[in-house]
Structures are given as C-alpha cells and as structure tokens.
Amino acid sequence: MKRILLLGASGSIGKQTIDIVKKHPEDYEIVALSVGNNINFLMDILKELNVNRICIKEDKDINTIKEEYPEIDIVSGDEGLLTLVRECEYDILVNALVGFVGFMPTYEAIKTNHDVALANKESLVVGGELIEKALKEHDVELIPVDSEHSAIYQAINGNRKEDINKLIITASGGAFRNKSREELKEVTLEDALNHPNWLMGDKITIDSATMMNKGFEVIEAHYLFGVDYDDIEVIIHEESIIHSMVEYIDGSLIAQLATADMRLPIQYALSKPARLFNPTNERLDLIKTGILHFKEADYRRYPLLALAYEVGKKGGNLPAVMNGANDISNLAFRNGEISFIDIEDIIIKAVHYAKYEEINDIDDLIRANQFGNDFAYREIEERKHR
Ligand code: MN3
C-alpha cells in the first residue's frame with residue numbers, strides 16, 4: 001500500500017489522481033490532501049476517501065468542514081501546505097498544484113526524504129537550480145507526471161544515460177497551430193480555451209496556445225534527465241499520439257505512444273516500474289489513427305519557446321522572472337484585459353528588462369518571480385490606458 005499526500009486535489013490532475021486511487025484501493029491510499037477554494041468538491045470527496053489531514057486556502061471555511069468532519073485535522077494557506085509535507089506520514093507526494101506556490105512543497109518534500117510525483121511545472125521551471133542541489137543531497141526520486149516527461153522517463157528505462165543523443169519533446173501546437181502570427185492578433189479567449197487534443201485547466205490551456213507550456217517542458221526536461229538544452233528538441237506533432245521520444249547514439253528512436261489521457265502518466269508515476277491494468281483507458285488503435293504528422297517548431301512563430309531556451313541556458317533569476325510575468329499576463333488575458341499577442345510581448349519584455357542574478361536561496365527566487373509579476377502588472381495597466 002502506497003500512502004499518498006495529494007496537493008491540488010480539486011484541479012484537473014488532482015481529480016484524475018483521486019480517480020486512479022479509487023480504482024486501485026488495494027494499492028493506493030490518499031492520507032492527506034489540499035484544495036484551494038473549492039469547498040463543495042472537498043466535502044464530496046471526503047465522503048469517499050479516508051483522509052485524516054487537509055489543507056484549505058482560507059481559514060474561514062474551517063468551521064463548515066469541522067461541523068461535518070470533526071475528526072479531520074485542518075490547516076490552511078501556503079504555510080499549511082508545508083505543514084502537510086513536513087508532518088504527514090506518506091510515501092509519495094503528488095504535487096498537482098498550479099503555479100509558483102507549488103515550488104516550496106516539492107522542495108520541502110525532497111528535503112524531508114520523500115519521493116515526489118511532479119505535476120507542478122513551476123517547481124523545476126522556477127526553482128530548477130535549487131531542486132537539483134537538494135536532489136544531490138537526498139536519496140529520493142522526482143518522477144514526472146506530465147505526459148511528455150513520462151514518455152521520456154519510460155523511453156529511458158533500461159538504457160544508459162551516456163547513450164542518449166537527444167530528447168525529442170512533441171508538441172500539439174496548441175489551439176492556434178494553424179494560425180499565422182497576423183491572425184493571432186484577433187483570437188479570443190474562447191478560441192484559446194479550445195485545445196485540440198487535451199482536456200486541461202484553463203491556465204495551462206492558454207500556456208499551450210502560447211507554447212510557454214512547451215518552453216517550460218524543455219526546462220523541466222533539462223533538470224529531470226540532466227540533458228543539455230542543445231540536446232533537447234521540440235517538434236510539432238498534431239495528433240498527440242507520440243508523447244515524446246529519446247534518440248540514442250546508435251540512431252534508435254524510442255517513443256511512448258498512447259491515447260491522450262493523463263490518467264496513464266499519473267498512474268505510471270505511482271506504479272512504476274509496474275504497470276496497472278486500467279479498463280477505462282481507451283486503447284490506441286493504430287489502424288484507425290492511420291497517419292502521424294511531424295513538423296518543425298518554428299521559433300519565430302512561437303517566440304516564447306525560443307525565450308524558454310534562452311532563459312533556461314542563462315539560468316539564475318531569469319526563469320523565475322519569465323514565470324512571474326507569464327502567470328500575470330496569462331491571467332490578464334483570461335480576464336479579458338489584454339490581447340493574446342500581449343502575453344508574449346509582456347513576458348519577453350520582462351525577461352529582457354531583468355538583469356541576470358544568481359539564485360542562492362528561496363528568497364532570491366521569490367524576489368525574481370515577484371519582479372516578473374510586477375513588471376507584468378505595470379505593462380497590463382499601461383495597455384489598458386492605450
Ligand atoms: Mn505536457
């Protein structure tokens with residue numbers, strides 16, 4: 001029985017994790033979890049799971065929950081997340097938090113000698129250097145949940161790291177893959193939320209359309225697999241059937257293929273190296289699929305992908321600045337405050353305005369991320385008054 005601490009239970013990955021645990025009650029148990037403001041969801045899920053500790057975003061909901069579940073211990077806020085990470089008894093943290101708030105729990109879990117199934121992108125994008133250092137000092141594993149990294153993780157099994165020639169990350173190209181840069185100026189929020197292959201949260205769906213998400217995945221791959229940026233390639237693969245691949249020095253390409261269902265990589269992160277039967281996972285029918293398409297990822301078409309390589313190579317504060325600016329401009333677009341093209345514009349400006357600084361501790365990271373936030377806020381205000 002594997003004991004799971006699940007952070008971000010009410011998000012897309014969180015819900016699917018619960019789904020998997022419910023299907024395999026003899027293998028997994030969620031001992032503690034966190035949700036944001038979705039208290040209704042929490043009340044429902046507590047009926048089904050035997051959880052003894054929870055973390056919620058705000059204190060004000062504690063009494064409501066206590067009335068029905070007096071025996072459950074409740075903590076709150078960002079500090080509450082860390083309390084769960086430090087004090088609960090669990091075998092693996094599933095970090096499905098969205099945003100920079102997910103960094104500290106990942107970092108603390110490693111430092112308290114826990115394995116982490118990582119779905120929170122920002123942990124490695126923003127804090128890759130600090131996490132790399134922590135992993136060297138603690139005998140724990142960071143297991144990817146994202147479909148691309150899970151594919152690479154699976155394709156690396158049984159091979160030697162020194163035989164890797166390059167990693168090839170596939171990208172669907174997002175909602176606007178068939179639009180020119182000129183056409184992008186006119187797109188709406190509704191268009192952007194309409195992802196062709198994957199059902200995901202709103203924030204990440206927008207990140208897919210800008211390809212910021214793919215840029216993040218390049219940086220994550222660098223830290224997860226210890227491969228140089230020059231040996232990580234992104235290619236457009238419209239069908240999202242091949243989830244990513246590894247090319248070896250002998251010319252062999254090893255890929256992982258499956259239908260676009262996040263429950264598969266989530267489940268593998270929990271079960272590896274074992275594979276669990278899942279009757280609900282739709283099987284990939286290659287005959288029906290027929291043809292797979294591949295195309296170069298054009299950096300001029302996707303400037304944020306190019307920016308992520310630049311920022312990843314330079315390191316220091318710059319990835320955090322990029323992330324900070326992205327969080328705010330992504331949200332401003334979803335709130336109808338700026339145009340789609342503005343998102344790219346603001347992030348690129350923020351990174352080029354920031355001066356390189358080394359990251360030595362968490363305070364440095366928070367400052368860099370805040371710098372990106374503040375820069376984006378100013379730019380958004382200015383654009384509103386134009
Ligand atoms: Mn992905």
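1. Burial of two acidic residues. In this predicted model, Glu-148 and Glu-217 are both buried. Each of these glutamates also contributes an OE donor to the manganese ion.

2. The manganese site. Besides Glu-148 and Glu-217, the protein donors include Asp-146, which contributes through OD. The donors lie 2.1 to 2.4 Å from the ion. Along the chain, the donor residues follow the spacing D-x1-E-x68-E. The pair formed by Glu-148 and Glu-217 links distant parts of the chain, 69 residues apart: Glu-148 belongs to helix α7 (residues 147-156), whereas Glu-217 belongs to helix α11 (residues 212-225).

3. The sheet. An open sheet is built from 7 strands with parallel pairing, and its order is β4-β3-β2-β1-β5-β6-β7. At its edges are β4 (73-76) and β7 (142-144), each of which pairs on one side only. From one strand to the next, the twist averages 25°.

4. The β5-β6 pairing. Strand β5 (residues 92-95) is joined to strand β6 (residues 115-118) by 4 bridges in the parallel sense. Within this pairing, Ile-92 has Asp-115 of β6 as its bridge partner.

5. Helix α5 on the sheet. Helix α5 (residues 103-111) packs on the sheet and touches β1 (2-7), β5, β6 and β7. The direction of helix α5 makes about 170° with that of β5. One of the strands touched, β7, is an edge strand.

6. Helix α2 on the sheet. Helix α2 (residues 39-48) lies across β2 (28-34) and β3 (53-56). Relative to β3, helix α2 runs at about 170°. In the strand order, β3 stands between β4 and β2.

Note on methods
Residues numbered from 1 in each chain as written. Predicted model: local features only at pLDDT ≥ 70, side-chain atom pairs only at ≥ 80, totals over all residues. Heavy atoms only, no water. Donors = N, O, S within 2.8 Å, 3.2 Å for Na, K, Ca; no water. Helix = DSSP H or I, 4+ residues; strand = E, 2+ residues; numbered from the N terminus. Buried < 20%, exposed > 50% of the residue type's maximum accessible area, 1.4 Å probe, protein only. Pairing = 2+ DSSP bridges. Axes fitted to C-alpha atoms, helices over the stretch in contact; angles between N-to-C directions. Contact = heavy atoms within 4.5 Å.
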